[in-house]
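Me: I would like to go through the terms applied to this model and see what each one rests on. Could you take them in turn?

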Amino acid sequence: MVSREHKRAALHEKLQLLRSITNSHAVNKTTIIVDASKYIEELKQKVERLNQDISAAQTSNDQNALPMVAVETLEKGFLINVFSEKSCPGLLVSLLEAFEELGLNILEARVSCTDSFRLQAVGGENEEQSESIDAQVVKQAVLQAIKNWSEGTDQQE
């Protein structure tokens with residue numbers, strides 16, 4: 001008999017704990033269990049929505065992650081660094097075209113395009129050019145080339 005009373009008390013205690021966790025106001029066992037079941041379903045839906053939000057955020061980050069750009073002024077020219085954590089097919093061509101339009105001669109360059117994209121280039125102004133360009137103009141031209149390249153790759157997908 002003691003064991004039956006002990007089991008009944010333990011069950012009652014567990015039902016009260018379940019009731020408090022699920023914010024149920026029910027008094028009988030069946031209703032407490034039904035409320036707990038509904039609560040579990042709500043939690044499952046929340047988890048599913050959170051997983052969808054995370055997945056959507058990762059997808060948009062992958063698509064919107066444009067390369068980082070830094071341009072420094074050197075004694076005779078510029079040091080241009082472009083880096084992206086992902087591969088960027090066709091970006092190098094867009095950047096070289098932008099340098100050409102600026103009248104910037106690339107004196108030395110290192111490029112890696114395997115798993116990520118990295119360009120480190122030293123560029124000097126074309127001697128025949130009448131007006132001088134500064135680092136900000138070079139950076140804006142590089143950013144515009146990246147933007148144009150990005151829009152072109154978005155349209156192809």
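Reply: What follows sets each value against the definition behind it.

Reply: This is a predicted model, in which local features need pLDDT of at least 70 and side-chain atom pairs count only at pLDDT 80 or more, while totals for chains, interfaces and linings use all residues. Residues are numbered from 1 along each chain as its sequence is written, and side-chain values use heavy atoms, with hydrogens and water left out.

Me: What makes up the secondary structure of the protein, and in which order do the elements run?

Reply: The protein has 4 helices and 4 strands, where helices (H or I, at least four residues) and strands (E, at least two) are DSSP runs numbered from the N terminus. From that end the elements run α-α-β-β-α-β-β-α.

Me: Why is S94 called buried?

Reply: Buried means under 20% relative accessible area, whereas exposed means over 50% and partly exposed lies in between (1.4 Å probe, protein chains only). S94 has a relative accessible area of 18%, and therefore counts as buried. This residue is found in helix α3 (residues 91–102), and, leaving aside its neighbours within four places in sequence, S94 is in contact (heavy atoms within 4.5 Å) with A145 and W149.

Me: Why does T22 count as buried?

Reply: The relative accessibility of T22 is 10%, so the residue meets the definition of buried. T22 is found in the loop between α1 (2–21) and α2 (29–64), and, with its neighbours within four places in sequence left aside, T22 is in contact with A36 and Y39.

Me: How do you know that strand β2 pairs with β1 and with β4?

Reply: Two strands pair if DSSP finds at least two bridges between them. Strand β1 (residues 68–74) and β2 are joined over 7 bridges in the antiparallel sense, and β2 and strand β4 (residues 117–125) likewise pair in the antiparallel sense over 7 bridges, so both pairs satisfy the definition. On the β1 side, L74 stands opposite G77 in β2, and a hairpin joins β1 to β2 through 2 residues; towards β4, L79 stands opposite V122.

Me: Why is strand β2 described as largely enclosed by the rest of the structure?

Reply: Of the 8 residues of strand β2 (residues 77–84), 6 are buried, and the strand is therefore largely enclosed by the rest of the structure. Across the protein, buried residues make up 25% of the 157 residues.
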